[in-house]
Every structure is written in structure tokens, then in C-alpha cells.
Amino acid sequence: MKRYLELFFFLLFLLSAPISFSQPYAGVFGGINNSKLSGNAPQKASYKGLIGIEAGAHLDLKIGKSVWISIQPSYSQQGTRISYKVWNKYGAVDSIRIRLNYFSVPVLLKVSFINQRFYAIGGIE
């Protein structure tokens with residue numbers, strides 16, 4: 001986790017260099033999410049969601065009159081719990097937790113229309 005934070009702040013530092021003709025917009029976001037995997041559950045089993053955190057930042061760099069590049073690095077915890085009842089000599093086996101941690105850096109192109117009140121975005125993650 002510490003390594004991801006170091007990489008995150010290093011990327012944020014690199015990407016925050018100002019462009020000569022524009023003022024960059026920067027911000028942070030965070031919250032919680034509830035995710036659940038699905039599929040064919042084993043007999044006597046069910047999937048249940050797990051609560052995780054999500055945090056990140058965004059940096060919008062203006063590259064034209066109505067065009068921006070938006071870079072949005074983020075960290076997200078997702079996962080599921082597989083609950084089932086199987087009896088062994090010690091009692092019931094209750095569940096298995098699967099925790100998935102994602103670090104993503106989407107790069108988006110943002111184009112503004114109609115007096116910069118409406119925009120469309122698209123890009124890769």
C-alpha cells in the first residue's frame with residue numbers, strides 16, 4: 001500500500017507541471033463502494049458484497065480553446081464474500097473473502113460545447 005501511495009504522489013507531482021498557455025484544474029475525490037462478484041455459485045453458497053474505499057485525484061490540462069486532457073489516477077478496493085455452509089469436524093465453514101485492490105490511471109479527452117456548459121469525454125483506462 002505504501003508503494004502505491006508513493007507512486008500516486010510521484011505521478012501527481014509529474015502531472016501537475018503547468019502548461020505555458022493554460023491554468024490546470026486539480027481536485028481530489030473519495031468515498032466508499034459496495035461491490036459484489038457474481039457467477040455460478042457452488043452448491044449451498046451465495047455471493048455477498050464487501051464495502052471498500054475509493055480515492056483519487058484529477059488533473060485537467062487545457063490544450064485548446066475548448067479541449068482538455070483529464071488525468072484521473074485512483075485507488076479502489078473491491079471484492080466479494082462467498083458464504084456457504086459446509087460441516088466438518090470443527091463446525092460450519094462460513095465464508096471466503098476475496099479482496100481486489102485496483103490502481104488505475106484513466107486518461108480522458110474532454111471537449112466542451114455550448115458556452116462550456118456541456119461537454120463530452122472519452123478515453124482509456
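**Burial, a salt bridge and a pocket in a predicted chain**

Of the 125 residues of the chain in this predicted model, 24% count as buried.

Trainee: What pattern does the chain follow when read along the sequence?

Mentor: The chain has one helix and seven strands. Read from its start, the order of these elements is α-β-β-β-β-β-β-β.

Trainee: How much of the area that the chain exposes is supplied by carbon and sulfur atoms?

Mentor: The chain exposes about 9200 Å² in this predicted model. Of that area, the share supplied by carbon and sulfur atoms is 60%.

Trainee: Which side chains meet in a salt bridge, and in which strands are they found?

Mentor: The structure holds one salt bridge, and its N to O distance is 3.5 Å. The pair links distant parts of the chain, its two residues being 50 residues apart. Both partners are buried. They are lysine 110 in strand β6 (residues 107-113) and aspartate 60 in strand β2 (residues 45-62).

Trainee: Which residues are the closest to the centre of the largest pocket?

Mentor: The largest pocket has a volume of about 160 Å³, and 11 residues line it. At least two residues of this lining come from each of α1 (2-15), β2 and β4 (74-88). The closest to the centre are Leu5, Phe8, Ala55, Gly56 and Tyr75.

Trainee: How many residues of the lining of the largest pocket are charged?

Mentor: The lining of the largest pocket divides by residue class, with nine nonpolar residues and two polar ones. The number of charged residues in that lining is therefore stated directly by the division: no charged.

Trainee: Why does phenylalanine 8 count as buried, and with which residues is it in contact?

Mentor: Phenylalanine 8 is found in helix α1. Because its relative accessibility is 13%, and buried means under 20%, phenylalanine 8 counts as buried. Leaving aside its neighbours within four places in sequence, phenylalanine 8 is in contact with Gly56, Ala57, Pro73 and Phe103.

Trainee: What distance separates the C-alpha atoms of phenylalanine 8 and glycine 56?

Mentor: Glycine 56 is found in strand β2, whereas phenylalanine 8 belongs to helix α1. The two residues lie 48 residues apart along the chain, yet their C-alpha atoms are separated by 8.8 Å.

Trainee: Is glycine 56 buried or exposed, and which residues does it touch?

Mentor: With a relative accessible area of 8%, set against the cut-off of under 20%, glycine 56 is buried. Not counting residues up to four places away in sequence, glycine 56 touches Phe8, Val28, Phe29, Pro73 and Ser74.

Trainee: Why does arginine 81 count as partly exposed, and which residues does it touch?

Mentor: Arginine 81 is found in strand β4. Its relative accessibility is 24%, and because partly exposed is the class in between under 20% and over 50%, arginine 81 counts as partly exposed. Setting aside residues up to four places away in sequence, arginine 81 touches Ser46, Tyr47, Lys48, Gly49, Leu50, Ser95, Ile96 and Arg97.

Trainee: What distance separates the C-alpha atoms of arginine 81 and arginine 99?

Mentor: Arginine 81 and arginine 99 are 18 residues apart along the chain. The separation of their C-alpha atoms in the model is 8.6 Å.

Trainee: What part of the contacts in the chain with a separation of 6 or more do residues 24 or more positions apart account for?

Mentor: One contact between residues so far apart in sequence is that of phenylalanine 8 with Gly56, a pair 48 residues apart along the chain. Among the contacts with a separation of 6 or more, residues 24 or more positions apart account for 54%.

Conventions: Residues numbered from 1 in each chain as written. Predicted model: local features only at pLDDT ≥ 70, side-chain atom pairs only at ≥ 80, totals over all residues. Heavy atoms only, no water. Salt bridge = Lys/Arg side-chain N within 4 Å of Asp/Glu carboxyl O. Helix = DSSP H or I, 4+ residues; strand = E, 2+ residues; numbered from the N terminus. Buried < 20%, exposed > 50% of the residue type's maximum accessible area, 1.4 Å probe, protein only. 1 Å grid on protein atoms, 1.4 Å probe; cavity = no way out; pocket = protein on both sides within 12 Å on 5 of 7 lines; lining within 4 Å. Points joined across faces, edges and corners; volume = space filled by probe spheres on them. Contact = heavy atoms within 4.5 Å. Areas by Shrake-Rupley, 256 points an atom, 1.4 Å probe, with all protein chains shown as cover.
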